[in-house]
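Could you walk me through this model in my viewer, one selection at a time? I would like to know what to pick next and what I will find there.

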Amino acid sequence: MEGKVYTSSRFITLKDFKIHGGIRTSASEATIKAEDYTTRQLNIEIRKALSEEKKNIILENPGKLNSIAVGLGVGADITLKGDVGDFVAALNNGASIEIEGNVGRYVGDNMTSGEIIVRGSAEEGVGFGKYNGDIVVYGDAGDAVGQLNKGGALIIDGNMGKLAGLYMLSGDIIVTGDAGEDTGDWMIGGNIYVAGKYQTGTNAAVTELDAQDKEKLSSIFKKYDIDAKVDDFIKIGPKELRPFYGDDKEASK
C-alpha cells in the first residue's frame, strides 16, 4: 500500500519523493536537514531548490546558523523549524519566511519587501533599516527594534527593549506590550503604537489614535490573528521634522 504525505498544495505518494544527501524533495516541496550544512552550503541548497521551482522549502534543525535564507525574492516560501541565529532573512526581497522558534539578532535586516513571521522571541535589531514589507514577532523582542525603519509594518506581540525606532523615517512599529527607554528617539517620521508602558526619547511626541490609525491597526490584527484591543494603544510620532537643526525661528535670526 502506498503511503501518503500531505503538503500545503496536495496529497503526494511517498514514491514521488527523491532523497539525496540531507534533502527530501517532491514536485512541489523540498525539506532540507539544515544541521548537515554550513551557512554557505545551506544558502546554495535553498537557491538550488528554488531554481528547480520548489514552491515550499522546509529547513529542519537549523541549529542557530547565522545569515541563512538571505536576499530571497518573490515566490520563495521558506519555513525554518527550530531556533536560528543572527541576520536570518536579511535583505529579504519578497519572500515569505516563517521561523518556528526563537531568532537571534537583526532578523530581516534591510529587507525591501515580503513577510517574515517569527513564532518565538527575537534578540535585538529586529528589522533594522527595513525599507518595506512586514515582520511579525509572536513573542518579546530585544533592543533596537525598527531603527532606521523606512516603511512597512513591524509587529511585536509582546514586549520590546529600549531605543526602538531610533532615527525612524517612515512605516509603523506596533507593540502589544511594553516599550523600553527612549522609544522613538530622534525619529523623524513614521508611527510607533504601544499598548503597554513606554518611555519616549528625544523628538518623540505622544498622541491619541485617530480613525485612520484605528482602522489600520484593526486590519493588521485581523490579518495576523493578534489578540489586542485597538483602544488600548497610544501613538508616538515625531515632534519636529527637522530635529537636528534646532528651533527654526532661532536659526533664522
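Here is a tour that goes from the whole chain to the core, the surface and the side-chain pairs.

This is a predicted model, in which local features need pLDDT of at least 70 and side-chain atom pairs count only at pLDDT 80 or more, while totals for chains, interfaces and linings use all residues. Residues are numbered from 1 along each chain as its sequence is written, and side-chain values use heavy atoms, with hydrogens and water left out.

**Whole chain**

Start with a cartoon view of the protein chain, which has three helices and 15 strands. Helices (H or I, at least four residues) and strands (E, at least two) are DSSP runs, numbered from the N terminus. Of the 253 residues, 48% count as buried; buried means under 20% relative accessible area, exposed over 50% and partly exposed in between (1.4 Å probe, protein chains only). Now switch on the surface: the chain exposes about 12,400 Å², and carbon and sulfur atoms supply 47% of that area. Accessible areas come from the Shrake-Rupley method with a 1.4 Å probe, and for residues only the protein chains shown count as cover. Among contacts (heavy atoms within 4.5 Å) with a separation of 6 or more, 24% are between residues 24 or more positions apart.

**The core**

Next, select I99 and M160. These two have the most contacts inside the largest nonpolar core, which has 47 residues. Such a core is a set of buried Ala, Val, Leu, Ile, Met, Phe, Trp, Tyr and Cys residues joined through side-chain atoms within 4.5 Å. Stay on M160 and show what is around it: beyond neighbours within four places in sequence, its contacts include A141, V145, I173, V175 and I192. Apart from this core lies another, of 14 residues, with I155, I174, Y193 and F233 among them.

From Y193, move to L209, in the loop between strand 14 (204-207) and helix 2. Is L209 buried or exposed? At 13% relative accessibility, L209 counts as buried. L209 and Y193 are 16 residues apart in sequence, with 8.9 Å from C-alpha to C-alpha. Leaving aside neighbours within four places in sequence, L209 touches Y193 and F233, and its other contacts include K214, L217 and V230.

**A patch on the surface**

Select L148, Y167 and F244, which make a nonpolar surface patch of about 270 Å². Patches are made of residues with over 30% relative accessible area and no salt bridge, where like charges are joined within 9 Å and nonpolar side chains (Val, Leu, Ile, Met, Phe, Trp, Tyr) within 5 Å. Y167 is in the loop between strand 11 (150-156) and strand 12 (170-175), and is partly exposed at 37%.

**Salt bridges**

How many salt bridges does the structure hold? There are seven, each being a side-chain nitrogen of Lys or Arg within 4 Å of a carboxyl oxygen of Asp or Glu.

- Select R105 and D86, whose closest N and O atoms are 3.1 Å apart. R105 is in the loop between strand 8 (93-100) and strand 9 (113-118) and D86 in the loop between strand 7 (77-81) and strand 8, so the bridge ties together parts 19 residues apart in sequence. D86 is buried at 15%, whereas R105 is partly exposed at 30%.
- Select R119 and E98, with 2.5 Å between the closest N and O atoms. R119 is in the loop between strand 9 and strand 10 (134-137) and E98 in strand 8, so this pair joins parts 21 residues apart in sequence.
- Select K214 and D231, which meet at 3.8 Å, N to O. K214 belongs to helix 2 (residues 211-223), and D231 to the loop between helix 2 and strand 15 (234-238). D231 is exposed at 65%.

**Aromatic cluster**

End with F87, Y106 and F128, which form one aromatic cluster. Rings of Phe, Tyr and Trp (its six-membered ring) pair if their centres lie within 6.5 Å; planes under 30 degrees apart count as stacked, over 60 as edge-to-face and the rest as tilted. The structure holds three aromatic pairs. One of them is F87 with Y106, stacked at 5.3 Å centre to centre and 15° between the planes. F87 is in the loop between strand 7 and strand 8, and Y106 in the loop between strand 8 and strand 9. Turn then to Y106 and F128: this pair is edge-to-face, at 5.9 Å and 80°. F128 lies in the loop between strand 9 and strand 10, so the pair ties together parts 22 residues apart in sequence.
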